[in-house]
Amino acid sequence: MSDFDFPATMDGRQLANEELLDGQGLKALIEAGMTWLKTNQQTVNALNVFPVPDGDTGTNMLLTIQAAYIEIAKSGEKNIGKMAHAIAQGALMGARGNSGVILSQLFRGFARSLDSFDTMDAARLIKALAEARNTAYKGVVRPVEGTILTVAKDIALAAETSLAITDDMNIILERIVAAADESVKHTPELLPILKQAGVVDSGGKGLFYILEGMLRYLKGLPLETALTTVQPLSAVSVGETIESIEPGQDYEVVIDFRPTQPLNFEIFYSDLSEMGTSIQVGEGEGMYRMHIHVPTEKRYQPIDYTMGLGTITKVSIENLVAQMENQGSTQPPKLQLTAVEPGQIAVVAISPGIGISRIFASLGAAAIVEGGQTMNPSTEEILHAVENLLTDKVIVLPDNKNIILAAQTAASMTVKKVIIVPSKSVPQGLSAMLRLDPNGDFDGVVKEMTQALGDVETGEVTIATRSVEINGVNVKEGEVIALHNGLVVNSASNLEDACLGLLEKAHTEDHERITLFYGDNISKNEVNTIVDRIRAAYPHHEIELHEGDQPHYQFIIAIE
Amino acid sequence: MNERTNQLGNIYVSPRAIATIASQSTIESYGVVGLAAKNLAEGLAQVLVKDPTLGIEVRFEGDSLQIDLYIIVEYGVRIKSVANSVQDNVRYAIEKAIGLTVNRVDVHVRGLRISNTD
């Protein structure tokens, strides 16, 4: 719905005392809620971990309320019942995603309650909110609490209790927004998965923004600029790698703190912006993490300032200038990745070491994501790599069985056509890579590459970290173990014996070529001794040796 | 591929176990008000599901895992969005819990429940 123009800046207006809301008034409120949700769309997206962590709740809710607004944009309807029905109809037709569908149900219940009325007063508003809640709850057999449903319930309750105090709809809306805020903050207590992720519910937060937008409109506050961009705590990290730094960014200061009073973001941001740049704030369960880049002379200022707001639990200061210089001197030669053109097929390969990355790059990989045994890349890293490519036909090679799932999740989160060729090891990935034809037919290339997975036997050699009996092989801690296609096939007291034992088990005599990738935990001398032994044992085989630089595994071996 | 092997041995996951997970996440999906027996003869939607495989069909065809869901949807919601959400939820729940790749989730809307008339 990119062709939808957002309305120009709205002028807010307070509802006069005893004033009743008509159809046009409701239309203005919907427009305000929509505009404020759009402003905060990314914040809502970032919170999305339930039921599927696909980061689209804000977008889905916005598309839903936009569809509702488009339905009424040109309507001059004065009757609030008719207007509410038009809104509900638009939301129903445009409902997207879980939260969008629930939002459309809320509108539907709201509309039904106002059926025959021309205008709305406080009492009718309260009834309509209750009906909205009831309708939303009817749409699911087993409502999950700690979601937008809970927030809708708490809103209806707050409205009901407000009526005893006032019938001024401005005040009632203010109380509703406060209740929604409270309810959203409470969601991690009801839904453990939110607590684990250190976030509040995204759909609930989206509903909060819609209501807050309405309130801001009534108060005449701006709707187009976000107060802050608050992200989940985990998104703000310490010691980020940065490409370049600007003057005045000498130190990176990251502070975790617990404010004694609710944080006023506007003031907080404006105070911080006087000290430095690159300000980020993360929130989770009453904890906040702030991140800022400051010049040398101001490196302690953020700490002093934050101490005045509450209790500091952790501080980290890094000298960015020194870090940059360090990077400059030790950085290995850059990877020569293959540039892709729109329409071509690109490959994203997951690689456990820089040496292996270089080989993937030389074979035509368009992007490399670091990751492997015990260091799975996140879905976001893979998604990021996919999204950054200029083409929409992407093949991902996970190169480890534990990464296949993350790759699939990433594939489901993009509109690009992404296929996972499920390589379980580096040799499988490289074998598939050899079949890449960037200009070929996508399905055909995928088929070819998938078939190539079976062309190669994978060997891996590493040191056992504990004593165990696996697969009928008795392994003592510190011994060298060899894996053939992921299964332990032998153990030995030294690398040479383990390698030779592995090659035997892998029926190397039936194959022609052995390619060894050595890890970052073995010396060149050791490597040469072992390769000499292998040459002696398999004199008729072609033997290749590459620097793999992978951690954990002394050797990754491809036998084909 | 409901059988996987690691260093300690084989792991078998039965279609019934997969169906149970699918059933739970279907029933928690917004807009779904019941599962329907696949066979229309037994076809009353049962909201209280005792058999975890009611309305769920799990099939392995070679290496490919396919799931069919027979659901009842609340009248007045956008059925396409509900069905999309159910597909996403079920696939994610199974992949997260078992680590198997779900190749297909087909959603069959077997009926609508009307609890309110507008």
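Modeller: Before we start on this predicted model, a word on usage: contact here means heavy atoms within 4.5 Å.

Colleague: Good, then which residues of H1(B) meet H2(B)?

Modeller: From H1(B) the residues are B:Ile18, B:Ile21, B:Ala22, B:Ser25 and B:Thr26, and they meet B:Val86, B:Asn89, B:Val90, B:Ala93, B:Ile94, B:Ala97 and B:Ile98 in H2(B). Sorted by character, the residues of this contact divide into 9 nonpolar and 3 polar, with no charged ones.

Colleague: And at what angle do the axes of the two helices cross?

Modeller: The axes of helix H1 (residues 15-27) and helix H2 (residues 79-98) of chain B cross at roughly 135° and come within 9 Å. Angles over 145 degrees would count as roughly antiparallel and those of 65 to 115 as roughly perpendicular, with the rest oblique, and H1(B) and H2(B) are therefore oblique to each other.

Colleague: Is that crossing left-handed or right-handed?

Modeller: H1(B) passes H2(B) in a right-handed crossing.

Colleague: Where do the helices fall in the pattern of chain B?

Modeller: Chain B has 2 helices and 6 strands, and along the sequence they follow the pattern β-β-α-β-β-β-α-β. Of the 118 residues in chain B, 42% are buried, and among its contacts between residues at least 6 apart in sequence, 68% join residues at least 24 apart.

Colleague: Over to chain A, then: in what order do the strands of the open sheet run?

Modeller: The order is S7-S6-S8-S9, 4 strands with parallel pairing. Strand S7 (367-370) and strand S9 (417-420) are the edge strands, each pairing on one side only, and neighbouring strands are turned by 20° against each other on average, direction ignored.

Colleague: How many bridges join S8 and S9(A)?

Modeller: Strand S8 (residues 393-397) of chain A pairs with S9(A) in the parallel sense over 4 bridges, and A:Ile395 stands opposite A:Ile419 in S9(A). Helix H16 (residues 404-412) of chain A packs on the sheet, where it touches S8 and S9 of chain A, and its direction makes about 165° with that of S9(A).

Colleague: Different spot: what is A:Val315 in contact with, beyond its neighbours in sequence?

Modeller: Leaving aside neighbours within four places in sequence, A:Val315 is in contact with A:Val254, A:Ile255 and A:Ile303. Its place is in strand S5 (residues 310-319) of chain A, and its C-alpha atom is separated by 6.4 Å from that of A:Asp256, 59 residues apart along the chain.

Colleague: And why does A:Val315 count as partly exposed?

Modeller: A:Val315 has a relative accessible area of 36%, and since buried means under 20% and exposed over 50%, a value in between counts as partly exposed.

Key:
Residues numbered from 1 in each chain as written. Chains lettered and ligands numbered in written order. Predicted model: local features only at pLDDT ≥ 70, side-chain atom pairs only at ≥ 80, totals over all residues. Heavy atoms only, no water. Pairing = 2+ DSSP bridges. Axes fitted to C-alpha atoms, helices over the stretch in contact; angles between N-to-C directions. Buried < 20%, exposed > 50% of the residue type's maximum accessible area, 1.4 Å probe, protein only. Parallel < 35°, antiparallel > 145°, perpendicular 65-115°, else oblique. Left-handed = near helix turned anticlockwise from the far one by under 90°. Nonpolar A, V, L, I, M, F, W, Y, C, P; charged D, E, K, R; others polar.
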